[in-house]
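I opened my notebook for a structure that is new to me. Here are my entries, in the order in which I looked things up.

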Amino acid sequence: MTNSHAEIVTPRASRYLQQLCKHFAHKLPVTFDPAAGKISFSIGDCDLRADDERLRLELTSPDGSQLTQLKDVVIRHLVRFAFREDLAVVWKEA
């Protein structure tokens, strides 16, 4: 298993967490509340945590190739929802 995580500074962390989870809930197993969520993709899992200042993403995937794909999917959707902000996303491999 490979892991990667990111902390994104934004005052709208809970809003984005909920938008991501609701968006993917139509097709994938998802659980969430305003402070935490989990999206189970076929290529790995995305765990989300939100507080007043940041959104934390923790990705887990079977291999590096699928992890790269998972990062791309999650960030593309997040950036689409946060189009009014210039989010800085820096992934750190675990």
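**Entry 1: the sheet.** In what order do the six strands lie in the sheet? I am working with a predicted model, and in it I read the order S2-S3-S4-S5-S1-S6. The sheet is open, and its strands pair in the antiparallel sense. I then looked for the edges and found S2 (30-32) and S6 (92-93) there. Each has a single partner strand, so one side of each has no neighbour in the sheet. As a reminder to myself, the strands of a sheet pair through backbone hydrogen bonds.

**Entry 2: the run of elements.** I went back to the N terminus and followed the protein chain along. I noted the pattern β-α-β-β-β-β-α-β, which holds two helices and six strands.

**Entry 3: from S3 to S5.** I started with S3 (residues 36-41), which pairs with S4 over six bridges, antiparallel. One pair I looked up here was Lys38 and its bridge partner in S4, Asp47. S3 and S4 make a hairpin, with two residues between them.

Next I followed S4 (residues 44-50) to S5 (residues 54-61), and again I found six bridges in the antiparallel sense. This is a hairpin too, with three residues between the strands. Cys46 stands opposite Leu59 in S5, and Leu48 stands opposite Leu57 in S5.

Which residues of S4 are on its covered face, and which are on the uncovered one? I listed Gly44, Cys46, Leu48 and Ala50 as covered. Asp45, Asp47 and Arg49 make up the uncovered face. So much for my look at the two faces; I was pleased to meet some familiar names. Cys46 and Leu48, with their opposite residues Leu59 and Leu57, belong to the covered face of S4, while Asp47, the partner of Lys38, belongs to the uncovered face.

**Entry 4: around S1.** How many bridges join S1 to S5? I counted eight for S1 (residues 2-9), and the two strands run antiparallel. Thr2 has Ser61 as its bridge partner in S5. S1 is also joined to S6, by two bridges, and that pair runs antiparallel as well. Here Ser4 has Glu93 as its bridge partner in S6.

**Entry 5: two residues of a helix.** I moved on to helix H2 (residues 64-81), where I picked Lys71. Is Lys71 buried or exposed? I found a relative accessible area of 16%, and the cut-off for buried is under 20%, so Lys71 counts as buried. Leaving out residues up to four places away in sequence, Lys71 touches Ser4, Leu59, Trp91 and Glu93. Two of these I knew already, since Ser4 and Glu93 are bridge partners.

Gln69 is in H2 too. Its relative accessibility is 44%, and I wrote it down as partly exposed. From Gln69 to Ile43 I noted 8.0 Å, C-alpha to C-alpha, with their positions 26 residues apart in sequence.

**Entry 6: the whole chain.** I closed with the overall numbers. The C-alpha atoms fill a box of roughly 30 × 25 × 20 Å along the principal axes. A compact globule of 94 residues would have a radius of gyration near 12 Å, and the 12 Å of this chain agrees with that. Buried residues make up 36% of the 94. Of the contacts with a separation of 6 or more, 55% come from residues 24 or more positions apart.

The chain exposes about 5,500 Å², and carbon and sulfur atoms supply 51% of that. Last, I looked up the charges: 13 are positive and 13 negative, with mean positions 6 Å apart.

How values were computed: Residues numbered from 1 in each chain as written. Predicted model: local features only at pLDDT ≥ 70, side-chain atom pairs only at ≥ 80, totals over all residues. Heavy atoms only, no water. Helix = DSSP H or I, 4+ residues; strand = E, 2+ residues; numbered from the N terminus. Rg over C-alpha atoms; globule rule 2.2 N^0.38 Å. Buried < 20%, exposed > 50% of the residue type's maximum accessible area, 1.4 Å probe, protein only. Contact = heavy atoms within 4.5 Å. Areas by Shrake-Rupley, 256 points an atom, 1.4 Å probe, with all protein chains shown as cover. Lys, Arg positive; Asp, Glu negative; His and termini not counted. Charge placed at Lys NZ, Arg CZ, Asp CG, Glu CD. Pairing = 2+ DSSP bridges.
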